[in-house]
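Subject: A structure to look through, with notes

Dear colleague,

I am passing on the structure below, together with some notes on what was found in it. Please keep it open while you read, so that each place can be looked up as it comes.

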Amino acid sequence: MYRWGVVTAIGVTLGYIAVLLANARHFYTDDSESQYTGLWVFFGRAFRDGQFPFLIPQQWMSGNYTNEEAGLFNPPQLLIDLIAPSVPNLAVYATIVKLVFAIIAGLGVYRVCLAYGSRAQWAAVAGVAFPFTGFFLFFDEASWFTAMSGTAWMIHAWACSVRYARGKGGPIPVFVYLYLAISVQYVFPAVEAAIMLVAVAVGELVWRGRAAWAPLTRLTAAAACAGGAGLITFLPSMLSAKVSWRGTSQINNDQFLTVPWSESLNASLPSTLPAFNSWWGYIQPLPMVYIAWFLIPALAFIDWRAAKAYWKELVSIAIFAMVMLMWTAGPGTIGPLRWPARVLPMLALGLLVLVCVLLGRFGTVRDWRNRGIAAGVLILLLWVRTFSADPHRVLWHVLSAVVVGLLVAGVVWLGRTRGTAAAVALTIIAMFPITYFQVRGVQPTPMSWNLPANREEAKAAFPKFNSGTTLQLGDRGLLQPADKSLDGAYGSLVWGNYAKDLELDYVNGYTPNGHFYFGEMLCMRWDGSTCPDAYRRMFTPEPTTGRVLADLMLIDRIVLQKAMFPDAGTQPAPDGWHFVDVPGHEKYIWVLERDNGPISTVNGRVGDATGVEATSVSESGTGSVVRVSSEAGGRVTFARLGWPGYRVTLNGKTIPFTTVAKSFVAVNIPAGTKNAELEVSWRPPGWKIGIGSAAAGVIGVGVLQWLYLRSRRRGDDGGEGGDDVTPVHPDPKRELVESVS
């Protein structure tokens, strides 16, 4: 078993090398370069300074990290963060981190196949194949890291859940892997894990009947403990949803990234470019629905008559795959869950496990000629469906179908003459050139921002601004291809979390869960881009305070993108501001600074005090302490975004607070207040419930582990009817040759 696990890890590594030969930046693309690596650097620096930044007020849009995909309570993610500042090249670091998680995911698939009784050889095939399935390779691995890491942990949770339900493992691995899947702070793996658990439970009940109830009760308890421990991950964002972009609970079907079921017929043709709506129109430039070259043709080499007698053992895999197939077709939005194509890796996972378990238990080459004809028909169907989706590349599809046919013939021949190991070796080795040509064929990738990877070079090229808070007004959509380099706009402007790479304090940042009212007020989008009217809005007085937004936000510097504001520097600067020269950066930016220097450190986070004398006493990311006096009463407005979770006390007594422009935290000070201590503090909403739930989850799994160990000592494995499934070979003759596809 361990030997083929090592083969799985080596196979995934070789596949990564093939990808890097085709595109060295493949794993540093889109959200990985614009969102995640910036977070890694930012958190790593904070940890090294002895801080745990739940909330950074001056980052405004992206500063509430209980609402972001930061993995605040995920230990492996915190380790990634801690190391990040020591690695100068973020593309290299992202690639290494993702290779580790790809191996974890591959080994997870390997374990799931073994749990359902597959031979180790075919389990290794599934394990190597999964990281190179279309959507997982081109989106989760290239871009959406939390989807990748959450999936890796969820797959291991699946294997451990089956083992625990069958009395072959304890509750702690189930708890740990489920908790890790939840705490990456990305909702899809958590929901997918819940579906997996339901599928496992139904499958066990179908297979074992009443004997499954007791083990499933224990499994449910272990899952509930993990959910309780992970509640603190999502509770703050759930309780903040009313002011965020993701506040909707609606179910809609907008057809964006919804995948017709017929596209699954493209799963084994490497040239497939499916047809459905996305950012690039109707015909996709990436092989999103590809799974593995052998997946569909292998169906012809399964002894279905023998498999029929054991169908109950595989019900849970089939249920999981069927639910994911249905989900890929819509609805397009289910509350915070949008873009159904995101579950294509789950469909690939379910089908790979199902087919490789069938191959590992019921594979046969008996009557190989007829089976070869059947495989040819399946490949023809693949070609027809792929051609129908993308008729303009007909010759490439023909070549792809011929290659798959030759590979099938080669695997069958090796299996008949050299044995299973040789057949499996060719099955795995063939994945590497296919992966290489798939990645090479979509260069330059349409997803890349091409942000600089070397942080030291980027910092050296960027303007040497003084300390303080900077706001950038511009639109990433105005960049031309030639601008996307360090010698171009990236030497002067920031997008997404690029400012965090540079260790600078910018209001702009990447956020999928932004504050709705602040975003509307400043017309700021998820990537930090703004509209042209943002400049006017920044210097328009807010009606209730009479202060301009730049003052209420305590902004020290404003960078204007010349492509959006070509004449701004030739016009008079706003009152209290002046334009400064930034040698070497004149092509891309105008820079405004305050006449009297930065104000963000003058009086804490007090943005306005009307009718109140307010003096900052102390400041932190999560709190402000201010000494206040007011004879007739007044109001203090703070440069803090009004996220749920704030509490205000005056001389230790809780008082209400409000918001200005539905964005800024504000406190009304009663008349007659003299030299009082005003404390504004923030905690993640629901944090007490979350901590209590986590403690209960840990205690609960401890009890389950004690019960498990006690049952083992008494010789009761808890697995009535649940012995490990062993591979079934209905025909011991040579024709069968141990599960050859």
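Let me begin with Asn 513, which sits in the loop between helix H19 (498-501) and helix H20 (516-522). Please keep in mind throughout that this is a predicted model. Although Asn 513 belongs to a loop, it counts as buried, because its relative accessibility is 15% and the cut-off for buried is under 20%. A polar atom of the Asn 513 side chain lies 2.6 Å from the backbone oxygen of Asn 67. Leaving aside residues up to four places away in sequence, Asn 513 touches Asn 67, Glu 68, Ser 244, Trp 245, Arg 246 and Trp 643.

The next stop is helix H4, which runs over residues 90-115 and so holds 26 residues. From its first C-alpha to its last, H4 reaches 37 Å, which is close to the 38 Å expected at 1.5 Å a residue. Of the 26 residues of H4, 19 are buried, and therefore the helix is largely enclosed by the rest of the structure. At the N-terminal end, H4 is capped by Asn 89, which has a side-chain oxygen 3.0 Å from the backbone nitrogen of Ala 91. After H4 comes Gly 117, a residue with a positive phi near 95°.

H4 also packs against another helix, and a word on how such pairs are described may help. Two packed helices are described by the angle between their axes and by the distance between those axes. For H4 and helix H5 (residues 120-129), the axes come within 7 Å and cross at roughly 145°, and the crossing is a right-handed one. On the side of H4, the contact is made by Gly 106, Val 109, Tyr 110, Cys 113 and Leu 114, while H5 brings Ala 120, Ala 123, Ala 124, Ala 126 and Gly 127. Sorted by character, the residues of this contact are 8 nonpolar and 2 polar, with no charged residue.

Helix H12 (residues 315-328) has 14 residues, and the reach from its first C-alpha to its last is 20 Å, close to the 20 Å expected. Its buried residues are Val 315, Ser 316, Ile 317, Phe 320, Ala 321, Met 324, Leu 325, Trp 327 and Thr 328. What covers them includes helix H7 (145-165), helix H9 (187-208), strand S4 (333-334), strand S5 (337-338) and helix H13 (344-362).

Helix H9 offers a closer look at this cover through Ala 199, which is found in that helix and is buried, with a relative accessible area of 3%. Not counting residues up to four places away in sequence, Ala 199 touches Ser 316, Ile 319 and Phe 320, and two of these names, Ser 316 and Phe 320, also appear among the buried residues of H12. Ala 199 and Leu 358 are 159 residues apart in sequence, and their C-alpha atoms are 18 Å apart in space.

Thr 328, which lies in H12, is buried with a relative accessible area of 1%. Apart from residues up to four places away in sequence, Thr 328 touches Leu 257, Thr 258, Val 259, Trp 261, Pro 340, Val 343 and Leu 344.

The last group of notes concerns the backbone. Most residues other than glycine have a negative phi, and most peptide bonds are trans. Which residues other than glycine have a positive phi here? Gln 255 is one of them, with phi near 70°, and Leu 257 is another, with phi of about 60°. Gln 255 is found in the loop between strand S1 (251-252) and strand S2 (275-278), and Leu 257 lies in the loop between S1 and S2 as well. Gln 255 is partly exposed, at a relative accessible area of 39%, whereas Leu 257 is buried, at 1%.

There are cis peptide bonds to look up too. H12 is followed by Gly 330, whose phi is positive, near 125°, and a cis peptide bond with omega of about 0° joins Gly 330 to Pro 331, a residue in the loop between H12 and S4. The peptide bond from Gln 443 to Pro 444 is also cis, with omega near -5°, and Pro 444 has its place in the loop between helix H17 (431-440) and helix H18 (455-461).

With best wishes

How values were computed:
Residues are numbered from 1 along each chain as its sequence is written. This is a predicted model: local features need pLDDT of at least 70, side-chain atom pairs count only at pLDDT 80 or more; totals for chains, interfaces and linings use all residues. Side-chain values use heavy atoms; hydrogens and water are left out. Helices (H or I, at least four residues) and strands (E, at least two) are DSSP runs, numbered from the N terminus. The expected span of a helix is 1.5 Å times one less than its number of residues. Buried means under 20% relative accessible area, exposed over 50%, partly exposed in between (1.4 Å probe, protein chains only). A polar contact is a pair of N or O atoms within 3.5 Å; within protein, one must be able to donate a hydrogen and the other to accept it, and residues adjacent in sequence count only if both atoms are side-chain atoms. Axes are lines fitted to C-alpha atoms, for helices over the stretch in contact, and angles run from 0 to 180 degrees between N-to-C directions. A crossing is left-handed if the near helix is turned anticlockwise from the far one by less than a right angle, and right-handed if clockwise. Contact means heavy atoms within 4.5 Å. Ala, Val, Leu, Ile, Met, Phe, Trp, Tyr, Cys and Pro count as nonpolar, Asp, Glu, Lys and Arg as charged, and the others, Gly among them, as polar.
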